[in-house]
Amino acid sequence: NSLRFDDGSSDHLTKTLSTPTNNKKFTLSFWTKLTKNDSNAREIIAGGTDGANETFFRHAGGYGIQFRHDHSTDTGWNLVTSRVFRDPSAWYHFVASIDTTQATASNRIKFYVNGVQETSFSTENYPAQNEGTFLNTNAQITIGKRNYDSGVLFDGYLAEFVMVDGQALDPTSFGEFDEDTGIWKPIDVSGLTFGTNGFY
């Protein structure tokens, strides 16, 4: 039940959002599997208009995961995991839980892989308090490539892609550990409150 994205044919999805429930509080959740084991950056979801004004989540060039926001008039942020994710035979579940209203900087973005919070980052710059993003605003976002041009294409599979507008959720809203195998697996998300810009 996944979509296959091929960088050779520029496969991607776009969605134009409206005024959000809360631009400062939302959650991204998706399962991904790479089909190329190379050092190219692979954009998963992106918003924004140019290199100085964009928010994106991607497989970085060094095989880590990068969640970055650049804004020409505000403070940006940049998180890159120390751990790398380059096994083309494995599915990874990523959750980014964003709540920039939090007083403590490290609570403004929480990042989870296969149900476990990621705490080690090679680059670790958090958003300013009450910072907005280009991923949950009244504009277009893109899944599978950079939003504003044809560069930085994803190559692989994506499944169970969810955005929840207005809530910063943890991974238990999207998955659970199998009681027999201990493997992290998806659960039914149809009961979630998705908010104005949320989607499944």
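How does Arg-83 count at 40% relative accessibility: buried, partly exposed or exposed? Arg-83 counts as partly exposed. The points below place this residue and others in the predicted model.

1. **Arg-83 and its partner.** Glu-118 and Arg-83 meet through their side chains in a salt bridge, at 2.9 Å from N to O. Arg-83 sits in the loop between β7 (77-81) and β8 (92-99), and Glu-118 in the loop between β10 (116-117) and β11, so the contact ties together parts that are 35 residues apart in sequence. The accessibility is uneven across the pair. Glu-118 is buried, with a relative accessible area of 8%. Arg-83, at 40%, is partly exposed; the cut-offs are under 20% for buried and over 50% for exposed, so 40% falls in between.

2. **The open sheet.** Seven strands form an open sheet in the order β2-β12-β4-β5-β6-β7-β11. The pairing is antiparallel. β2 (13-16) and β11 (121-125) stand at the edges with a single partner strand each, so one side of each has no neighbour in the sheet. On average, neighbouring strands are turned by 10° against each other, direction ignored.

3. **β4 and its two neighbours.** In the strand order, β4 stands between β12 and β5. On one side, β4 (residues 42-50) pairs with β12 (residues 140-143) in the antiparallel sense over 3 bridges. Two of the contacts can be named: Ala-46 stands opposite Thr-142 in β12, and Ile-45 has Ile-143 as its bridge partner there. On the other side, β4 and β5 pair over 7 bridges, again antiparallel. These two strands form a hairpin with 2 residues between them. β4 is mostly covered, with 7 of its 9 residues buried.

4. **A bridge partner that is also a salt bridge.** Within the β4 and β5 pairing, the bridge partner of Glu-43 is Arg-58 in β5. Their side chains also meet in a salt bridge, at 3.3 Å from N to O. Arg-58 belongs to strand β5 (residues 53-59) and Glu-43 to strand β4, 15 residues apart. Both Arg-58 and Glu-43 are buried. I would look at this pair alongside the hairpin.

5. **Other salt bridges.** The count comes to 9 salt bridges. One of them joins Asp-178 and Lys-185, with the closest N and O atoms 3.0 Å apart. Asp-178 counts as buried, at 18% relative accessibility. Lys-185 counts as partly exposed, at 30%. The cut-off for buried is under 20%, so Asp-178 at 18% falls within it. Elsewhere, Asp-7, Lys-36 and Arg-42 are linked in a network of salt bridges.

6. **Two aromatic pairs.** The structure holds 15 aromatic pairs. Phe-5 and Phe-154 have ring centres 5.9 Å apart and planes at 70°, so this pair is edge-to-face. Phe-5 lies in strand β1 (residues 2-5) and Phe-154 in the loop between β12 and β13 (156-165), 149 residues apart. Both residues, Phe-5 and Phe-154, are buried. Phe-30 and Phe-161 form a stacked pair, at 4.8 Å centre to centre with 20° between the planes. Phe-30 is in strand β3 (residues 25-34) and Phe-161 in strand β13, so this pair ties together parts 131 residues apart in sequence. Phe-30 and Phe-161 are both buried.

7. **The ring cluster.** Which cluster takes in Phe-30 and Phe-161? Ring pairs link them with Phe-57, Phe-67, Trp-77, Phe-85, Tyr-92, Phe-94, Phe-111 and Phe-199. Some of these residues can be placed by strand range. Phe-57 falls in β5 (residues 53-59). Trp-77 falls in β7 (77-81), while Tyr-92 and Phe-94 fall in β8 (92-99).

8. **Charges over rings.** Two arginines deserve a look here. Arg-4 lies over the face of Tyr-157, at 5.7 Å from the ring centre. Arg-86 has its charged end over the ring of Tyr-63, 5.2 Å from the centre.

Technical notes. Residues numbered from 1 in each chain as written. Predicted model: local features only at pLDDT ≥ 70, side-chain atom pairs only at ≥ 80, totals over all residues. Heavy atoms only, no water. Pairing = 2+ DSSP bridges. Helix = DSSP H or I, 4+ residues; strand = E, 2+ residues; numbered from the N terminus. Axes fitted to C-alpha atoms, helices over the stretch in contact; angles between N-to-C directions. Salt bridge = Lys/Arg side-chain N within 4 Å of Asp/Glu carboxyl O. Buried < 20%, exposed > 50% of the residue type's maximum accessible area, 1.4 Å probe, protein only. Phe/Tyr/Trp six-rings, centres within 6.5 Å; stacked < 30°, edge-to-face > 60°. Lys NZ or Arg CZ within 6 Å of the ring centre and 35° of its normal.
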